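Subject: Structure handover

Hello,

Here is the structure for you to look over. My notes on it follow below.

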Amino acid sequence: QVMTGGNYEGLFNMVVSGRFDFFSRGMVEVIKEFDQRKEKMPDLQIEETICVYYPWPLYFYFPKTEEGKALAARVEEGLLQIFKGGSLEPVFLKYHREALARFPLKDRKSFHRRNPLLSPETPLDNPLFWYDPLEKTGP
């Protein structure tokens, strides 16, 4: 059964009070969120045996002006060079190595889910655009 909460902070209180069993957090965001609350909420914990994986893209938006279109094309070209050149992973690891080391995903039971919020235009079949930490050997 799915429950919804009225606000972000309330979700932490609801899970600790037992109103629901868990709520999903990204591997990168959970570290800061947990560390900020662990003293005030000693019963709050990070689940350590499962991983729910679903694609969650990061989009860039630009104005519909000529300048915005030119900037979008420039950013797209640069990102494609990064993706094709293999330099995405070192940059990704620079910022997310701690999370990958703290949560060894290969040791967890993994549930792959589709993301119903994505548009049909989302290029899910192009592995160039997706970083799947379950496919990696580690940080």
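**Helix 3 and its end**

G86 follows directly after helix 3 and takes a positive phi of about 80 degrees. Helices (H or I, at least four residues) and strands (E, at least two) are DSSP runs, numbered from the N terminus. This is a predicted model, in which local features need pLDDT of at least 70, side-chain atom pairs count only at pLDDT 80 or more, and totals for chains, interfaces and linings use all residues. Residues are numbered from 1 along each chain as its sequence is written, and side-chain values use heavy atoms, with hydrogens and water left out.

Helix 3 covers residues 66-85. Its 20 residues should span 28 Å at 1.5 Å a residue (1.5 Å times one less than the number of residues). The end C-alpha atoms are 28 Å apart, so the two agree.

**Aromatic pairs**

Rings of Phe, Tyr and Trp (its six-membered ring) pair if their centres lie within 6.5 Å; planes under 30 degrees apart count as stacked, over 60 as edge-to-face and the rest as tilted. By this rule there are six aromatic pairs. F12 and F23 form one that is edge-to-face, at 5.1 Å centre to centre and 80 degrees between the planes. This pair links distant parts of the chain: F12 is in helix 1 (residues 8-16), and F23, eleven residues away, is in the loop between helix 1 and helix 2 (27-37). F12 counts as buried, because its relative accessibility is 3%. Buried means under 20% relative accessible area, exposed over 50%, partly exposed in between (1.4 Å probe, protein chains only).

The rings of F83 and F129 are also paired: their centres are 5.6 Å apart and their planes at 65 degrees, so this pair is edge-to-face. It too joins distant parts of the chain, 46 residues apart, with F83 in helix 3 and F129 in the segment after strand 2 (109-112). F129 is partly exposed, at a relative accessible area of 32%.

**Around F12**

Y8, F12, F20 and F23 form one aromatic cluster. The charged end of R37 sits over the ring of F12, 3.8 Å from its centre. The rule here is NZ of Lys or CZ of Arg within 6 Å of the ring centre and within 35 degrees of the ring normal.

**L100 and Y54**

L100 is in helix 4 (residues 88-102). With 9% relative accessibility, L100 counts as buried. The C-alpha atoms of L100 and E66 are separated by 40 Å, with their positions 34 residues apart along the chain. Y54 lies in the loop between strand 1 (50-53) and helix 3. Y54 is partly exposed, with a relative accessible area of 32%.

Best regards
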